[in-house]
Amino acid sequence: MAIRKETIAVKATENSRITAITELSSKEFISRAKKFSKQYRVTSDKKFKLKDFATLASEDTGKAGNRFSQQSLQLGVQLIAEMQDKMYAGNNWSLLLIFQAMDAAGKDSAIKHVMSGINPQGCEVTAFKAPSAEELDHDFLWRCSKKIPERGRIGIFNRSYYEEVLVVRVHEEILKAQKLPDKLITESIWDDRLNDIHNYESYLNRNGILVVKIFLHVSKKEQKKRFLERIDKPEKNWKFSAGDLVERKYWKQYMAAYEDMIKKTASDKSPWYVVPADNKSFARMVIASAILTAMDSMKLAYPKISDEQLAELQRLKEELVAEKG
Ligand code: ATP
Ligand code: MG
């Protein structure tokens with residue numbers, strides 16, 4: 001599983017582009033992943049417009065390109081696993097990955113693929129659905145706060161507190177059911193919530209928790225195609241819900257809410273990635289690259305042991321070797 005430092009030795013016979021990528025050192029691979037994901041990263045941009053970001057990757061990857069992406073995704077996933085191991089051993093940094101998207105954009109499968117190589121002990125995925133009665137009796141960050149990853153761990157939010165400025169904003173009747181005192185439901189409530197989220201993420205950053213936010217940017221046309229597949233393919237029927245068609249009717253309102261959300265909560269330390277999601281394998285590469293970028297910034301390394309500890313290890317080794325039977 002470990003990737004050798006000098007070279008990633010994968011035999012590539014079919015395609016010169018594959019050869020090029022598989023012979024990269026892991027350092028070089030990460031450096032390319034950083035450059036690659038940067039195109040999709042939003043840090044702080046007051047002029048941010050969703051329409052400036054494509055839903056389909058402009059690069060035509062073609063058939064050979066698909067092999068290329070599969071291979072580089074595999075390597076990316078291995079590197080994530082290796083870095084996670086160091087993060088776990090170091091036990092100081094943690095990483096929170098937030099996935100937000102319209103239905104059928106591919107959140108579940110992206111999480112499954114990108115995190116496939118990592119040690120489940122160091123990772124927890126939480127899906128946030130409509131809040132329970134108990135959750136509604138608390139402030140909106142409460143249920144998410146309980147799931148913030150411990151030191152050394154990766155936490156994945158499949159939806160999150162961002163729903164509070166998305167579905168709740170699009171359907172104001174949900175806001176009315178939140179039991180807030182009437183006088184707190186003002187014109188500025190969405191800006192206030194966005195501001196609170198921004199501040200909350202700064203607080204997390206200052207506590208050693210990096211937050212990476214992924215918006216899977218899927219087109220309305222592609223969503224229709226995927227919904228039809230869910231209806232037509234028996235093994236996908238369970239994924240379809242009539243409610244998804246209702247939400248689709250609010251597409252414009254959702255896009256406006258997403259745009260405002262990204263504009264007001266993207267920051268240097270907690271960036272948003274607007275990932276073209278019409279092509280699933282391309283989206284996974286962007287996500288893996290974004291994760292590598294964040295983990296690389298932690299400068300992870302296995303904890304060093306002191307000379308005394310090293311000597312003690314040596315002594316214990318001798319004891320073990322000398323053991324009879
Ligand atoms: P899938 O892609 O498989 O449909 P999903 O994430 O959409 O997965 P669902 O169980 O279909 O999962 O939907 C969860 C629903 O819960 C979403 O419609 C989401 O908007 C809603 N939800 C999440 N958080 C809140 C919230 N704070 N208030 C109201 N609704 C919420
Ligand atoms: Mg759904």
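Two helices, α4 (107-114) and α7 (167-170), each put at least two residues into the shell around ligand 1. This is a predicted model, so treat everything below as computed from it. The chain folds into 14 helices and six strands, and 31% of its 325 residues count as buried.

**Around ligand 1**
- Sixteen residues surround ligand 1, and the ones that come nearest are Asp103, Lys129, Ala130, Glu163 and Val167.
- What is the mix of residue types in the shell around ligand 1? Eight are charged, six are nonpolar and two are polar.

**The nonpolar core**
- The largest nonpolar core takes in 65 residues. Those with the most contacts inside this core are Leu97, Ile214, Phe215, Leu216, Val275, Ile287 and Ile291.
- Helix α13 (residues 280-297) gives the core its largest share, with 11 residues.
- As a general point, nonpolar side chains tend to be buried together in soluble globular proteins.
- Leu216 is worth clicking on: leaving aside its neighbours within four places in sequence, Leu216 is in contact with Phe99, Ala101, Ala105, Gly106, Lys107, Ala110, Val275, Ala277 and Ala283.

**Strand β6 and its partners**
- How much of strand β6 (residues 272-276) is buried? Five of its five residues are.
- Both faces of β6 are covered, with Trp272, Val274 and Pro276 buried on one side and Tyr273 and Val275 buried on the other.
- Strand β1 (residues 41-42) runs antiparallel to β6, and two bridges join the pair. Here Val42 stands opposite Trp272.
- Strand β5 (residues 209-217) runs parallel to β6, and this pair is joined by five bridges.
- Trp272 turns up here too, as the bridge partner of Lys213.

**Two non-glycine residues with positive phi**
- Asn91 has a positive phi of about 55° although it is not a glycine. Look for Asn91 in the loop between α3 (62-90) and β2 (94-101).
- Is Asn91 buried or exposed? Asn91 counts as exposed because it has 12 C-beta neighbours inside 10 Å, and the cut-off for exposed is 12 or fewer.
- Ala104 also has a positive phi, of about 65°, and is not a glycine. Its place is the loop between β2 and α4.
- Ala104 is buried, because 23 other C-beta atoms lie within 10 Å and the label takes 20 or more.

**Reaching across the sequence**
- Contacts in this chain are mostly long-range in sequence terms: among those with a separation of 6 or more, 83% come from residues 24 or more positions apart.
- How many residues apart in sequence are Gln74 and Met285? They are 211 residues apart, yet their C-alpha atoms are 9.2 Å apart in space.
- Gln74 lies in helix α3. This residue is partly exposed because 17 other C-beta atoms lie within 10 Å, a count that falls in between the cut-offs for exposed (12 or fewer) and buried (20 or more).

How values were computed: Residues numbered from 1 in each chain as written. Chains lettered and ligands numbered in written order. Predicted model: local features only at pLDDT ≥ 70, side-chain atom pairs only at ≥ 80, totals over all residues. Near = placed C-beta within 6 Å. Helix = DSSP H or I, 4+ residues; strand = E, 2+ residues; numbered from the N terminus. Nonpolar A, V, L, I, M, F, W, Y, C, P; charged D, E, K, R; others polar. Core = buried A, V, L, I, M, F, W, Y, C linked by C-beta atoms within 7 Å. Contact = placed C-beta atoms within 7 Å. Pairing = 2+ DSSP bridges.
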